Amino acid sequence: MPKNLFSVIPELHSIADPAASGIRVPFVRPVLPSFEALRPAYEEIISTGRLTKGRFVEQFEQAVAKHLGVRHAVAVSSCTIGLMLVYKSLDLTAGNCGSRRRAMEPCPVGSMEPLSRFGIVRSGGRNEPVGEVIIPSFTFLAGPATIVWNNLRPVFIDVDPITTNVVPQAVATAITPRTVAISACHNFGNPCDVAALEAIAMEHSLPLVIDAAHGFGASLHGKPVGSGATAQVFSLSPTKLLVAGEGGVVATNCDCLAHFVRLGREYGNDGSYDALFAGVNGRMPELSAATALAGLDILDTVAAQRREIATLYRSELSHLPGIGFVEGQPGAQSSHKDFSITVDPSQFGMSRDGLRRAMALRGIETRTYYNPPCHKQTAFEHFHDRHRALPATELLAARSISLPIGAHINEAVVAEVCATIANAKSM
Ligand SMILES: Cc1ncc(COP(=O)(O)O)c(C=O)c1O
């Protein structure tokens, strides 16, 4: 480990979590550029009163598109809104897949079909979902929520217990004539197998929508994740490596999709004041865009820090029986948005929840993503076919624990967290 590992920390501005009373080691603290770096933009925005639809959103979109290597990066108010607008914008009606293959490829706006053929998700009547979207259950609840909001049905599938991501072959097996889209996630920042998923999506003429909420800071074969699939949708909320406050980005190479997401974030209004479809206010405020724009300058540093902390955690915990780690596919570099381990109670001698309590006694905050998994949540369980077993999902939900990670964590804190885990049974 390089000696100057944590020397960059003072340059990053961490904000104390006001809800952290009694917590000595918070799970996460947002990492922001220094106030000095933000001051000129904030001053301009406040003094001009241009709080929305200004140059900072545009500049941020251009910078992100360049960073990710995509034709379009559309800034939105959150990843959730971005995913909702992507499903809304795609022609997802079962049995009408004419534009799906095209959605995967760049297409000139000039060749755009009428909205009624391309952009509207039609209802099957009486609010019956009209199509199914294949999605892992071991993901954040926003994923299936955005599907249900579009009057589509989530079909939950299992994940690989080691990568925590969907297995492309399992996706292929789950496709039926009712399938209208495939969704995957870069869980914990660990890139999913975009190329294999894209090949399956292309073969079946289905759009591939990737929840890349944890994606900033992650790469595949040396390139930032975000450039494959029909769309990849990022989050910029405070737990992420790139922070806007609240915010999201829809990254796509499809001109039509980008066009409809832009319309959709603006109530569906193209300026004529005649809404073309039911949109939302999904705009990103200028202050948020300016914050994230400056954040792009420190993203590499923030990601490098996380990698160092993850390496330290691994080396300190790998000798403990019953502790498992998330592994990436070859060529994948995780953003380590979360550093999650699994606890096998029979080998470790204690359950995940017991360990969590022991850590809480020492003031160490942890999270148990994703428990319960989506197919067991109140809003979604009725969509789940009980005959479809999801053993890896249930195992991960019962055994995963995410440890504190971020700029507030240094070598000494990692040592303390790991010692607490090693000694938890005797506490
Ligand atoms: C995997 C995943 N998807 C979607 C979201 C939703 O992001 P946002 O809060 O920006 O809507 C999150 C939030 O953390 C997430 O972890």
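Let's start with a bridge between two strands: Phe325 has Ile341, in strand E14, as its bridge partner. Keep in mind that this is a predicted model. The pairing between E12 and E14 is antiparallel and runs over three bridges. On the next strand along, Ile341 stands opposite Ile401 in E15, and E14 pairs with E15 in the antiparallel sense over four bridges.

Put those pairings together and you get an open sheet of three strands, in the order E12-E14-E15. Why do E12 and E15 each have one side without a neighbour in the sheet? Strand E12 (323-325) and strand E15 (400-403) stand at the edges with a single partner strand each, so one side of each is left free of a neighbour in the sheet. Neighbouring strands here are also turned against each other, by 40° on average if you ignore direction.

So what holds paired strands together? In general, strands of a sheet pair through backbone hydrogen bonds, either parallel or antiparallel.

Now for a look at E14 itself. Is this strand mostly covered or mostly open? It's mostly covered, as five of its five residues are buried. Phe339, Ile341 and Val343 point one way, while Ser340 and Thr342 point the other way, and all are buried. That back-and-forth fits a general pattern: in a regular strand the side chains alternate between the two faces of the sheet.

Strand E5 (residues 153-157) is another mostly covered strand, with five of its five residues buried. On one side sit Arg153, Val155 and Ile157, on the other Pro154 and Phe156, and all of these are buried. Its partner is strand E4 (residues 132-136), and this time the pairing is parallel, over five bridges. One bridge joins Pro136 to Ile157 in E5. To get from E4 to E5 the chain passes through H6, making a right-handed β-α-β crossover.

Here are the strand pairs side by side:

| Strand pair | Sense | Bridges |
|---|---|---|
| E12 and E14 | antiparallel | three bridges |
| E14 and E15 | antiparallel | four bridges |
| E4 and E5 | parallel | five bridges |

Helix H6 turns up again around the ligand. How many residues surround the ligand? There are 14, and the closest are Cys79, Thr80, Phe140, Ala213 and Ser235. Helix H3 (79-89) and helix H6 (142-149) each supply at least two residues of this shell. By type, the shell divides into five nonpolar residues, eight polar ones and one charged one.

Definitions and conventions:
Residues are numbered from 1 along each chain as its sequence is written. This is a predicted model: local features need pLDDT of at least 70, side-chain atom pairs count only at pLDDT 80 or more; totals for chains, interfaces and linings use all residues. A residue is near a molecule or strand if its C-beta atom, placed from the backbone, lies within 6 Å of it. Ala, Val, Leu, Ile, Met, Phe, Trp, Tyr, Cys and Pro count as nonpolar, Asp, Glu, Lys and Arg as charged, and the others, Gly among them, as polar. Two strands pair if DSSP finds at least two bridges between them. Axes are lines fitted to C-alpha atoms, for helices over the stretch in contact, and angles run from 0 to 180 degrees between N-to-C directions. A residue is buried if 20 or more other C-beta atoms lie within 10 Å of its own, exposed if 12 or fewer, and partly exposed in between; C-beta atoms are placed from the backbone. A crossover is right-handed if, with the strands pointing away from the viewer, the path from the first strand over the helix to the second runs clockwise.
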